[in-house]
Amino acid sequence: MAPAKKNESATASLVAGATAGAIEGFITYPFEFVKTESQFSDKKGIKPPGPIAIVRNTVAKHGFVGLYQGVGALVAGNALKAGVRFYSYDSFKTMLVNDEGKLTGTRSLAAGLGAGMMEALFAVTPSETIKTKLIDDQKRENPRFKGLVHGTGMIIKEEGIGGIYRGLFPVAMRQGANSAVRFSTYSTLKSFVQGNSRPGESLPGTVTFGIGAAAGLVTVYATMPLDVIKTRMQSLEARANYKNSFHCAYRIFTEEGVLRFWKGATPRLARLVLSGGIVFTTYERIILLIGGRSV
């Protein structure tokens, strides 16, 4: 009966993760939009706009819905991403537990790294490439893409299937680091809090939200450079400006300075703090309803 229990738990992880990801993606998308806008190359001699200016300019030009340009790609990708992430993490965790059935900090980090690599390959790279190109296209005087389906079709028609896998390497590195840091931080903090609570007592939603938010905070500053490189490599001008991810990193460093690698940290911080809280809280609640194991 053990295999059946394992499959049930893995399926529960997939369903709970996908649901949590879709909800989180829609709620926090404006922060993702502002972060992506702030990471595009700046014109020489022009001071880059801050988050508030980006919001104001976008709303003035496109209305409030402008802040949701590319949202379909991210929500669909987020649902798939979170489902793959939690499913993979649960699977790797099952394989990596020690003889006592516990997951050490190092093994939790490894499980998170593996989960991040899986989500980058199967979900994140295509959805974020499309999302980034849709946002970048909106900056043109005459945007070419009329929405998610039309934009995706145009990208594949002009660049082939590789067009939606642009930036796979930095995405894989970022997602691996993201999940490794986020899961290990969340698991460590959760174990600490549970150690000070009654045995068998489930944590309140406010507590899991706080732990998830803290995990998001740590994740942002640890992985921000990879996120900036990822955005640049997925822009519409990437093929003309950069030979590969390393060349992109070199140009950012030499032409714009090291601090540029943390450009967009504020909106990404706001998003990932909310994201961590929303995803883990939603995931834990759904898991309790359908009877799988929690993280």
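A salt bridge here is a side-chain nitrogen of Lys or Arg within 4 Å of a carboxyl oxygen of Asp or Glu. The model is predicted, so local features need pLDDT of at least 70 and side-chain atom pairs count only at pLDDT 80 or more, while totals for chains, interfaces and linings use all residues. Residues are numbered from 1 along each chain as its sequence is written, and side-chain values use heavy atoms, with hydrogens and water left out.

**Exercise 1.** Work out how far apart glutamate 255 and arginine 251 are along their helix.

Solution. Start with the contact: the two side chains meet in a salt bridge at 2.8 Å, N to O. Next, place them: both sit in helix H9, four residues apart, so about one helical turn separates them. Helices are DSSP runs (H or I, at least four residues), numbered from the N terminus. Finally, look at the surface: arginine 251 is partly exposed at 25% relative accessibility. The cut-offs are under 20% relative accessible area for buried, over 50% for exposed and in between for partly exposed (1.4 Å probe, protein chains only).

**Exercise 2.** Decide whether glutamate 119 is buried or exposed, and find where its partner arginine 85 lies.

Solution. First, the salt bridge between glutamate 119 and arginine 85 spans 3.0 Å, N to O. The pair links distant parts of the chain, with glutamate 119 in helix H4 (residues 105-138) and arginine 85 in helix H3 (residues 71-96), 34 residues apart. Then check the areas: glutamate 119 is buried at 0%, and arginine 85 is buried at 8%. The structure holds seven salt bridges.

**Exercise 3.** Trace the network around glutamate 256.

Solution. Begin with the salt bridge from glutamate 256 to arginine 260, whose closest N and O atoms are 3.0 Å apart. Salt bridges that share partners then join Arg232, Glu256 and Arg260 into one network. Within it, glutamate 256 is partly exposed at 33%, whereas arginine 260 is buried at 8%.

**Exercise 4.** Classify the ring pair of phenylalanine 64 and tyrosine 68.

Solution. Recall the rule: rings of Phe, Tyr and Trp (its six-membered ring) pair if their centres lie within 6.5 Å, and planes under 30 degrees apart count as stacked, over 60 as edge-to-face and the rest as tilted. By this rule there are seven aromatic pairs. Phenylalanine 64 and tyrosine 68 are 6.0 Å apart, centre to centre, with 55° between the planes, and the pair is tilted. Phenylalanine 64 is exposed at 55%, but tyrosine 68 is buried at 18%. Both belong to one aromatic cluster with Phe26 and Tyr29.

Definitions and conventions: Helices (H or I, at least four residues) and strands (E, at least two) are DSSP runs, numbered from the N terminus.
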